[in-house]
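Please walk me through this structure, taking the sheets, the metal site and the charged side chains in turn, and explain how these parts are connected.

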Amino acid sequence: MKIICIGRNYVEHIRELNNPVPASPVFFLKPDTALLIRNRPFYYPSFSREIHYEAELVLKVCKVGKNIQPKFAGSYYDEIGFGLDMTARDLQETAKQKGLPWAIAKGFDQSAPLGKFLPKSFFSDLHNISFHLDLNGKTVQAGNSNRMIYSFNDIISHISMFMTLRTGDIIFTGTPAGVGPVKQGDRLEGFLEDQKVLSCLIK
Ligand code: MG
C-alpha cells in the first residue's frame, strides 16, 4: 500500500506557512513504514528539533483505479479517518530552501499516526465533515471538509492521473490552520465530528 498526502488544501494554512495557493493539488508520498496505528506512542526522533502535528481527514481507497473522473471518484473510497501528517519542519524548511525533496521531512518512521476509520455512511454530508485536534486537552486545530480547496473527488481524480490507486491505499487530504510543535509528554487526540478516533502520546 502507499500513503499519498495532499499539501496546501486549506487557504488559512497556506497563509500561515507563506506558501502560494496551488493551481492544482500538490501531493507527496510517505512509505508504509510511516504508519503508526492502534494509538501507539510517537517517539520524538533525534534528527529533528521541530516536529509539527498536522491534523487531516484521511480516505481509505477501496478499489483499483486509474484516470478516475471526479464524478465517479466517490466510489473509490469507502471509509474516512483522522490522521496526523507529522512533519520535521526544520528539515522541511532546509529542503524547501535548497529545492530538495521532502522525503525525510515527511516520510520518517511513525510520521503517519492513523486513527480509527468510520464508514462513509456515518456522515450525513461528506462535504461538511468537521474534525479537530486537541493538544493536552485544548483544541489547536479545527477543520471542515467544506473548507478544502480540492474536494475528495478532485483529489482522487488528480492523483489517479499519475498513480494507479489500489485497495488499501491511504490519502491524507491536507491540514487546516493551526499546525504547531510537539514535545515529549504531549498528548494528541483526534476527533471526527465529536467522536474521538485517535490518541497519541509523544515519548
Ligand atoms: Mg499535511
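Two strands are taken as paired if DSSP finds at least two bridges between them. The model is a predicted one, and under that criterion strand S6, residues 77–84, pairs with S9 in the antiparallel sense over 2 bridges. One of the positions that can be followed by eye is Glu79, whose bridge partner in S9 is Pro119.

This pair belongs to an open sheet of 6 strands, which follow one another in the order S2-S1-S12-S5-S6-S9 with mixed pairing. At its edges lie strand S2 (26–30) and strand S9 (118–119), each of which pairs on one side only. Helix H4, residues 152–162, packs on this sheet and touches strand S1 (3–7), S2, strand S5 (55–61), S6 and strand S12 (170–172), while its direction makes about 95 degrees with that of S6. Which residues of H4 are buried? They are Phe152, Ile155, Ile156, Ser157, His158, Ile159 and Ser160, and the buried residues of the helix pack against S1, S2, S5, S6 and S12.

A second open sheet has 3 strands in the order S7-S4-S13, with antiparallel pairing. Its edge strands are S7 and strand S13 (180–181), each pairing on one side only. Strand S4, residues 51–53, is joined to S7 by 2 bridges, and the two run antiparallel; within this pairing, Ile51 stands opposite Ala88 in S7.

From the sheets one can turn to the metal site. The magnesium ion has as its protein donors Glu54 (OE), Glu56 (OE) and Asp85 (OD), which lie 2.0 to 2.2 Å from it, and along the chain these donors follow the spacing E-x1-E-x28-D. Glu56 is placed in strand S5, whereas Asp85 is in the loop between S6 and strand S7 (87–88), so this pair ties together parts that are 29 residues apart in sequence. The remaining donor, Glu54, lies in the loop between S4 and S5.

Are these donors buried or exposed? Glu56 has a relative accessibility of 0% and counts as buried; Asp85 is buried too, with a relative accessible area of 1%, and Glu54 is buried with a value of 4%. Each of these assignments follows because buried means under 20% relative accessible area, calculated on the protein chains only.

Glu54 deserves a further look. Once its neighbours within four places in sequence are left aside, Glu54 is in contact with His13, Gly83, Leu84, Asp85, Thr87, Arg89, Lys106, Gln141, Thr175 and Val179. Among these contacts, the side chains of Glu54 and Lys106 are joined by a polar contact of 3.3 Å. Glu54 is also part of a network of salt bridges that links Lys30, Glu54, Asp85, Arg89 and Lys106, and two members of that network, Glu54 and Asp85, are donors of the magnesium ion.

How many salt bridges does a search of the whole structure find? The search finds 10, and several can be examined individually, beginning with a pair inside a helix. The side chains of Lys96 and Glu93 meet in a salt bridge with an N to O distance of 3.7 Å, and both residues lie in helix H2 (residues 89–98), 3 residues apart, which is about one turn of the helix. Lys96 is partly exposed, with a relative accessible area of 24%, and Glu93 is likewise partly exposed, at 30%.

Further along the chain, Asp186 forms a salt bridge with Lys183, where the closest N and O atoms are 3.0 Å apart. The two partners fall into separate accessibility classes: Asp186, at 3% relative accessibility, counts as buried, whereas Lys183 is exposed, with a relative accessible area of 52%. In another salt bridge, Lys196 is joined to Glu189, and the closest N and O atoms are 2.7 Å apart. Here Lys196 counts as partly exposed at 45% relative accessibility, while Glu189 counts as buried at 15%.

Key
Residues numbered from 1 in each chain as written. Predicted model: local features only at pLDDT ≥ 70, side-chain atom pairs only at ≥ 80, totals over all residues. Heavy atoms only, no water. Helix = DSSP H or I, 4+ residues; strand = E, 2+ residues; numbered from the N terminus. Contact = heavy atoms within 4.5 Å. Axes fitted to C-alpha atoms, helices over the stretch in contact; angles between N-to-C directions. Donors = N, O, S within 2.8 Å, 3.2 Å for Na, K, Ca; no water. Buried < 20%, exposed > 50% of the residue type's maximum accessible area, 1.4 Å probe, protein only. Salt bridge = Lys/Arg side-chain N within 4 Å of Asp/Glu carboxyl O. Polar contact = N/O pair within 3.5 Å; in protein donor to acceptor, adjacent residues only side chain to side chain.
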